[in-house]
Amino acid sequence: MFNTNHYFDGQVASIAFQSADLPATVGVMAIGEFVFATSQREYMTLISGDMQVLLPDAEEWYQLAAGESFIVEANQSFEVRTTVESAYLCKYEDA
């Protein structure tokens with residue numbers, strides 16, 4: 001069955017599932033800024049909305065368009081900010 005998670009006082013919600021190739025979550029984010037930590041290599045794709053990401057060791061925010069992805073290695077933190085409600089897909093892989 002699906003596992004539903006809520007973060008940041010309900011501003012981020014995700015549903016975990018097993019995709020065809022890797023464990024995954026699909027979720028939504030309210031408008032805001034959020035800091036996430038990884039325990040596995042994470043592939044994140046913006047499905048819809050507006051998202052900017054500050055990757056580990058980066059000095060500038062990167063603007064994502066719908067359909068674009070980024071990767072964060074295990075045991076890292078990254079920041080995300082959204083200006084509209086946004087949807088995403090994450091896949092997780094052991095490093």
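Colleague: Does I47 count as buried, partly exposed or exposed, and at what relative accessibility?
Modeller: This is a predicted model, and I47 lies in strand β5, residues 41-48. Buried means under 20% relative accessible area and exposed means over 50%. The relative accessibility of I47 is 42%, so I47 counts as partly exposed.

Colleague: What accessible area do M1, F2, I15, V26 and I47 have together?
Modeller: I47 is one of the residues of a nonpolar patch on the surface. The other members are M1, F2, I15 and V26. Together, the accessible area of these residues is about 570 Å².

Colleague: What pattern does the protein chain follow along the sequence?
Modeller: The protein chain has 0 helices and 10 strands. Read from start to end, the pattern is therefore written with strands, as β-β-β-β-β-β-β-β-β-β.

Colleague: Why is the protein chain described as being as compact as a globular protein of that length?
Modeller: The C-alpha atoms fill a box of roughly 35 × 25 × 25 Å along the principal axes. For 95 residues the globule rule gives 12 Å. The chain counts as that compact because its radius of gyration is close to this value, at 12 Å.

Colleague: What kind of aromatic pair do F8 and F34 form?
Modeller: The count of aromatic pairs comes to 5. In the pair of F8 and F34, the ring centres are 5.0 Å apart and the planes are at 50°. Planes under 30 degrees apart count as stacked and over 60 as edge-to-face, with the rest in between, so this pair is tilted.

Colleague: How many residues apart are F8 and F34?
Modeller: F8 is in the loop between β1 (3-7) and β2 (12-18), while F34 is in strand β4, residues 32-37. The pair links distant parts of the chain, and the separation is 26 residues.

Colleague: Is F34 buried or exposed, and with what relative accessible area?
Modeller: F8, its partner, has 32% relative accessibility and counts as partly exposed. F34 falls under the 20% cut-off and therefore counts as buried. The relative accessible area of F34 is 2%.

Colleague: What type of pair do the rings of F70 and F78 form?
Modeller: F70 and F78 are both buried. Their ring centres lie 5.6 Å apart. Because the planes are at 70°, the pair is edge-to-face.

Colleague: Which residues do ring pairs link into a cluster?
Modeller: F8 and F34 form one aromatic pair, and the rings of F70 and F78 form another pair. The cluster linked by ring pairs consists of F8, F34, F36, F70 and F78.

Colleague: Which residue meets D21 in a salt bridge?
Modeller: Side chains of opposite charge can pair when their charged atoms come close. The salt bridge of D21 has an N to O distance of 3.0 Å. It links distant parts of the chain, from the loop between β2 and β3 (23-29) to strand β10, 70 residues apart. The partner of D21 is K91.

Colleague: Which residues are linked with R41 in a network of salt bridges?
Modeller: R41 meets E73 in a salt bridge at 3.0 Å, N to O. R41 also meets E93 in a salt bridge at 2.9 Å. E73 counts as partly exposed at 38% relative accessibility, and E93 does so at 25%. The residues linked with R41 are E73 and E93.

Note on methods: Residues numbered from 1 in each chain as written. Predicted model: local features only at pLDDT ≥ 70, side-chain atom pairs only at ≥ 80, totals over all residues. Heavy atoms only, no water. Patch = residues over 30% accessible without salt bridge, like charges linked within 9 Å, V, L, I, M, F, W, Y side chains within 5 Å. Areas by Shrake-Rupley, 256 points an atom, 1.4 Å probe, with all protein chains shown as cover. Salt bridge = Lys/Arg side-chain N within 4 Å of Asp/Glu carboxyl O. Helix = DSSP H or I, 4+ residues; strand = E, 2+ residues; numbered from the N terminus. Buried < 20%, exposed > 50% of the residue type's maximum accessible area, 1.4 Å probe, protein only. Phe/Tyr/Trp six-rings, centres within 6.5 Å; stacked < 30°, edge-to-face > 60°. Rg over C-alpha atoms; globule rule 2.2 N^0.38 Å.
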